[in-house]
Amino acid sequence: MIGAYCSLYKSCKRCGQSKYYRQFPPRGGRKASGSSRKNICRKCERKKPAAPAPQAPPVPRAAKLLRQDRQGMIRMKGKSNNGRPWMQEIEWSLAVLLVEEQAAVVVTPYMIRRLYSNDDFRSMIMTRDHYTCRYCGGYGDTIDHIVPKSKGGHTTPVNCVCSCYACNQSKADQDAAGFMEKQRSPV
């Protein structure tokens, strides 16, 4: 009698309750036998499934390549304007950002190399932007940070543009979008 009782009741996978087997819809399809039933009861099947959990943002490729030392730092090396090599320790998150924005390359899992010296970086930005000011369209002779360094911006090719001296001085520590909005609106 116990065996017959067990075969008539089934446990729902969603709610966990033990229910009479007729509370479970039959399986469909060619391979299902006439007596096979689904593992979710009809009541749970009618309910909308719970919203999927929010996914974490994708891990940058550089984050997979770089490993922190015991202090959580990465070594960065490069060359100064006169060609002398230098090395310093930077935070892991900054190293990932520099590699992602093409300002550095991964040498080993614990070291990156800065691609440009200060003079080389300046000339690269100027030639990339054809010596044209991003804000007024005139002749550009300086580089400007789109997100200012005072607000967390870094000196990377993605964050730097060519700018004329007047626009660079009047922009000061504003972000580029706010500065452009003030330029367009009449005072």
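Strands are DSSP runs of at least two residues, numbered from the N terminus. The model shown in these views is predicted.

**View 1. Cys162 sits in strand E8.**
Strand E8 covers residues 160-163, and Cys162 belongs to that run. Cys162 is buried, because its relative accessible area is 0%. Leaving aside neighbours within four places in sequence, Cys162 contacts a set of residues that includes Ile125, Met126, Asp129 and Tyr131. Thr132, Cys133 and Arg134 are also among these contacts. So are Gly140, Asp141 and Thr142. Tyr139 lies 23 residues from Cys162 in sequence, and the two C-alpha atoms are 9.0 Å apart.

**View 2. Helix H5 packs against strands E7 and E8.**
Which residues of H5 are buried? They are Phe121, Met124, Ile125 and Met126. The buried residues of H5 pack against E7 and E8. Just after H5, His130 has a positive phi of about 55°. The side chains of Arg128 and Asp129 meet in a salt bridge, at 3.1 Å from N to O. Arg128 is partly exposed, with 34% relative accessibility.

**View 3. Tyr116 occupies the loop between strand E6 and helix H5.**
Strand E6 spans 111-114, and Tyr116 lies in the loop between E6 and H5. Buried, exposed or partly exposed: which word fits Tyr116? Tyr116 is partly exposed, because its relative accessible area is 29%. Not counting residues up to four places away in sequence, Tyr116 touches Gln102, Phe121, Met124 and Pro157. Phe121 and Met124 are among the buried residues of H5. Ala104 is 12 residues from Tyr116 in sequence, with 8.2 Å between the C-alpha atoms.

**View 4. Tyr131 stacks with Tyr139.**
The whole structure holds 4 aromatic pairs. In one of them, Tyr131 and Tyr139 are stacked, at 6.2 Å centre to centre with 10° between the planes. Tyr131 is partly exposed, with a relative accessible area of 34%. Tyr139 is exposed, with a relative accessible area of 59%.

**View 5. Tyr135 meets Phe179 edge-to-face.**
The ring centres of Tyr135 and Phe179 are 5.2 Å apart and their planes lie at 85°, so the pair is edge-to-face. This pair links distant parts of the chain, 44 residues apart. Tyr135 comes from the loop between helix H5 (118-128) and strand E7 (142-145). Phe179 comes from helix H7, residues 176-184. Tyr135 and Phe179 are both buried.

**View 6. Salt bridges join Asp144 to Lys171 and Arg75 to Glu89.**
How many salt bridges does a search of the whole structure find? The search finds 3. In one of the three, Asp144 pairs with Lys171, the closest N and O atoms being 3.3 Å apart. Asp144 is in strand E7 and Lys171 in helix H6 (residues 165-171), so the bridge links distant parts of the chain, 27 residues apart. Asp144 is buried, with a relative accessible area of 4%. Lys171 counts as buried because its relative accessibility is 0%.
Arg75 and Glu89 also meet through their side chains, at 4.0 Å from N to O. This pair too links distant parts of the chain, 14 residues apart, with Arg75 in strand E3 and Glu89 in strand E4 (residues 85-91). Arg75 is partly exposed, with a relative accessible area of 38%. Glu89 is partly exposed as well, with a relative accessible area of 42%.

**View 7. The largest nonpolar core holds 13 residues.**
Leu66, Ile90, Ala95, Leu98, Val99 and Ile112 touch the most other members of this core. Helix H3 (61-65), strand E3 (73-79) and helix H4 (92-100) are the elements that give two or more residues to the core. Which element gives the most? H4 does, with 4 residues. Another core, of 8 residues, lies apart from this one. Tyr135, Ile146, Val161 and Cys164 are among its members.

**View 8. A nonpolar patch lies on the surface.**
Leu8, Tyr9 and Tyr20 form this patch. Together they have about 250 Å² of accessible area. Tyr9 lies in strand E1, residues 9-11. Tyr9 is partly exposed, with a relative accessible area of 35%.

Methods
Residues numbered from 1 in each chain as written. Predicted model: local features only at pLDDT ≥ 70, side-chain atom pairs only at ≥ 80, totals over all residues. Heavy atoms only, no water. Core = buried A, V, L, I, M, F, W, Y, C linked by side-chain atoms within 4.5 Å. Buried < 20%, exposed > 50% of the residue type's maximum accessible area, 1.4 Å probe, protein only. Patch = residues over 30% accessible without salt bridge, like charges linked within 9 Å, V, L, I, M, F, W, Y side chains within 5 Å. Areas by Shrake-Rupley, 256 points an atom, 1.4 Å probe, with all protein chains shown as cover. Contact = heavy atoms within 4.5 Å. Phe/Tyr/Trp six-rings, centres within 6.5 Å; stacked < 30°, edge-to-face > 60°.
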